[in-house]
Amino acid sequence: MSSNRQKSLELYERAVSVIPAGVYGHTSPAATLPIAFPYYAESAEGCTFTDVDGNRYIDFMCAYGPILLGYNHPEIEAAAREEKARGGLYNHPAKVMVELAELLTERIDFADWAVFGKNGSDMTTWALQVARQHTGRKKVLTVKGAYHGVDAWTNPSPGGVIEEDRLHIHHFSWNDLSSFEQQVNRYPGEIAAVMLTPFHHPAFAANVLPGEGFFEGIQKICNANDILIILDDIRCGFRLHEAGSHKRFPIEPDMSCYCKALGNGYPISATVGKDHLQAAAGKVFLTGSYWSDAVSMATAKRCVELVAELNIPEKLNTLGKRLITGLEEAAANAGLKVTGHEPYAMPYLTFEDDPDLRKMQRFSEICANEGVIFHPHHNWFISAAHTTEAIDDAIEIASKAFQAVASEFNS
Ligand SMILES: Cc1ncc(COP(=O)(O)O)c(C=O)c1O
């Protein structure tokens, strides 16, 4: 296959006159690979999707995380249909909201309550407000380069943001406990919370796992200074551990935020928290036009059940390890040195001597043209619908891409 992008480009041309930037946000061609990646999708099934030009891809982005069990998963779709047949959105929440909150608080060890929204940003912003309400403090610490959503306090782009939006947000460096300690000492008694991701997954860079003692140190300092720990588990949640990623990379959050994989493609997010925050949580107004949508809650309930029933995190780890090991071998056969980055359920790859990611971009471009999506600038996602055959097919295509990269960059 060598992909044709005719219809994608035609749609894009129409889009730029009616949609700012045509395609915006993380799916913008500027953030991926112009022309090399398709711009519009038509349909998806299992671990593959088809673009508007009819090209089919083995997909290692899973809609940037939401697809955990596979596209169009029969049990998730059945849960959605069943709930929708009753209605879906009402003046009131539906029974399934209580059932989902019960399930999450049973599953996640520290959680005594749960609330729901639609997007990850809804939850990180709300959790930050709850922390301020509870502590009466203004300041929040986050890791330099970490992504927590599009709201002004954390949006990585400066567009439309004023200085005051970020006045009380302060940064420290991942795996650098002394930079965290410095911030805590700089603002004694003023810090409401620290927001952390389970591992560091910046764009345009490799994954970095928490180093030895990093989370333990943060925990100790937070406990000693009454600083709340908010785990932003939006990208990783239910991929690394069925009971939340703090079980994989140990830390004890006061609140955790979930979104992407929660509804296997249906729009839902959640924050869970400890009992002592319940009063503050009740005081921070939380609502949205679609936030009590029962269909997404029904899909989330089924998805969370299936994650444990089918031991999904273990499955993703095994599949991801097969992919990364295979890619490292294929690259070595082409005379290239690459490093595969864990966690295997959300892996990424870097080339040696590739500071501007040109090799990575060329590799991803060739793979996309041959029917495999490996993002050049963002961690990848494995789903439970990736079969070993699909992974081996992807490695075979990648082998040819490595050969081409080796010959182009050596010459
Ligand atoms: C770690 C993390 N936090 C927050 C968000 C924001 O979630 P959303 O895009 O659903 O608002 C994302 C989205 O990619 C994320 O990866």
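**Reading loops, fold and ligand site**

User: Where is Y64 found?

Analyst: Y64 is in the loop between β3 (56-59) and α2 (74-86). Keep in mind that this is a predicted model.

User: What is the phi of Y64?

Analyst: Start with the general idea. Most residues other than glycine have a negative phi. Now the case here. The phi of Y64 is near 65°, so a non-glycine residue has a positive value.

User: Which peptide bond is cis, and what is its omega?

Analyst: Again, the rule comes before the case. Most peptide bonds are trans. Here the bond from E342 to P343 is cis, with omega near 0°. P343 also lies in a loop, the one between β11 (338-341) and β12 (348-351).

User: How many helices and strands does the chain have?

Analyst: The chain has eleven helices and 13 strands.

User: What does the radius of gyration say about the chain?

Analyst: Compare the value with the one expected for a compact globule of that length. For 411 residues, a compact globule would have a radius of gyration near 22 Å. The chain has 22 Å, so the two agree. For the extents, take the principal axes. The C-alpha trace spans about 60 × 55 × 45 Å along them.

User: Where does the ligand sit?

Analyst: The ligand sits in the largest pocket.

User: Which residues come nearest to the ligand?

Analyst: Begin with the shell, then pick out the nearest members. There are 13 residues around the ligand. G120, S121, D232, R235 and K260 come nearest. Next, sort the shell by class. It holds three nonpolar, seven polar and three charged residues.

User: Which atoms of the ligand pair with D232, R235 and Y147?

Analyst: Look for pairs of N or O atoms within 3.5 Å. A polar side-chain atom of D232 is 2.6 Å from a nitrogen atom of the ligand. In R235, a side-chain N or O atom is 2.9 Å from a ligand oxygen atom. Y147 uses its backbone: an N or O atom there lies 3.3 Å from a ligand nitrogen atom.

User: How much of the ligand's accessible area does the protein cover?

Analyst: Take the ligand on its own as the reference. Its accessible area is then 390 Å². The protein covers 87% of that area.

Definitions and conventions
Residues numbered from 1 in each chain as written. Predicted model: local features only at pLDDT ≥ 70, side-chain atom pairs only at ≥ 80, totals over all residues. Heavy atoms only, no water. Near = heavy atom within 4 Å. Polar contact = N/O pair within 3.5 Å; in protein donor to acceptor, adjacent residues only side chain to side chain. Areas by Shrake-Rupley, 256 points an atom, 1.4 Å probe, with all protein chains shown as cover. 1 Å grid on protein atoms, 1.4 Å probe; cavity = no way out; pocket = protein on both sides within 12 Å on 5 of 7 lines; lining within 4 Å. Sits in = over half its atoms within 2 Å of the grid points. Nonpolar A, V, L, I, M, F, W, Y, C, P; charged D, E, K, R; others polar. Helix = DSSP H or I, 4+ residues; strand = E, 2+ residues; numbered from the N terminus. Rg over C-alpha atoms; globule rule 2.2 N^0.38 Å.
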